[in-house]
Each structure stands twice: as C-alpha cells, then as structure tokens.
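Me: I'd like a close look at one part of this model. Take it slowly and keep it connected, please.
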Amino acid sequence: MKRISTHILDIARGQPARDVPVQLQKQNTSGDWRLLTSARTDQDGRCSQLLPEGEDLGGGVYRLIFDVTSYYAAQSIDALYPVVEVTFHVRTGESHSHIPLLLSPNGYTTYRGS
C-alpha cells in the first residue's frame, strides 16, 4: 500500500497534537501546487494515510501544510509560527513517506520517519 503519513508531537506538553488541520499538496512540472487532500490529526496526533485513493505515489516534490494557529488558539497560546510547511522529495519507487513534526509554541523540527 502506497502512502504518505504524518505524526505531530507537542513537545512542550509531551502529548500528541490532535485535531490539527493538515493539507497534502504535490508540485507539478510547472512549479504550481496541487491540493491532494485535507485532513485533521486524530487522537494520537496522526494522519496515517494522506494519499487519496487512486492517487499514485509517484516521485516528485510534496508538501505538508500544518495549520498550527487553530491548534494553539484552542489552548489560548499565541504561537510564533501560524503555519508550518514541510516540503519533501519522494523518490521514484518509494512506497511510503512518513513525515513527523515535533512542535512547540516557539519552534518545530521534522525528520524522515519510518
């Protein structure tokens, strides 16, 4: 099964970041972005399958857009970054790409997950 997934951990609270709006987009050959799907993280801070049914995980450039403003607004926290965009490359032949996000009100980091 081909898929793109993510997981958000709120490192300031030591808990998964649930109900965060996430968009998956793919860059086309002209450089424009195409929205593939929108979702929200579940109770465990995960979106286990962002690639829409029928969409091939072809090689190319993708990005995840995390709306962290709404997440922090629900906690009455004025965070530094309203949106986190993570752009990444999927190599031809790869079947799964997992992009975790470690989040705090004043910073974030990401890495290639498994």
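What is the strand order in the open sheet of four strands, and is the pairing parallel or antiparallel?

Reply: A word on the model before the sheet. It is predicted, so to speak, with local features needing pLDDT of at least 70 and side-chain atom pairs counting only at pLDDT 80 or more, while totals for chains, interfaces and linings use all residues. Residues are numbered from 1 along each chain as its sequence is written, and side-chain values use heavy atoms, leaving out hydrogens and water.

Now the sheet: the order is E4-E3-E6-E7, and the pairing is antiparallel. Strands here are DSSP runs of E, at least two residues, numbered from the N terminus, and two of them pair if DSSP finds at least two bridges between them. Strand E4 (33–40) and strand E7 (83–90) sit at the edges, each pairing on one side only. On average, neighbouring strands are turned by 20° against each other, direction ignored; the axes behind that angle are lines fitted to C-alpha atoms, and angles run from 0 to 180 degrees between N-to-C directions.

Inside the sheet, strand E3 (residues 21–27) and strand E6 (residues 60–67) run antiparallel and are joined by five bridges. Lys26 stands opposite Tyr62 in E6.

Follow E7 onward and you get to Glu94, in the loop between E7 and strand E8 (96–104). Glu94 counts as buried because its relative accessible area is 15%, the cut-off being under 20% with a 1.4 Å probe, protein chains only. A polar atom of the Glu94 side chain lies 2.9 Å from the backbone nitrogen of Arg91. The Glu94 side chain also has a polar contact of 2.5 Å with that of Arg112 (N or O atoms within 3.5 Å, one able to donate a hydrogen and the other to accept it; residues adjacent in sequence count only if both atoms are side-chain atoms). Neighbours within four places in sequence aside, Glu94 is in contact (heavy atoms within 4.5 Å) with Leu57, His89 and Arg112.

Notes:
Buried means under 20% relative accessible area, exposed over 50%, partly exposed in between (1.4 Å probe, protein chains only).
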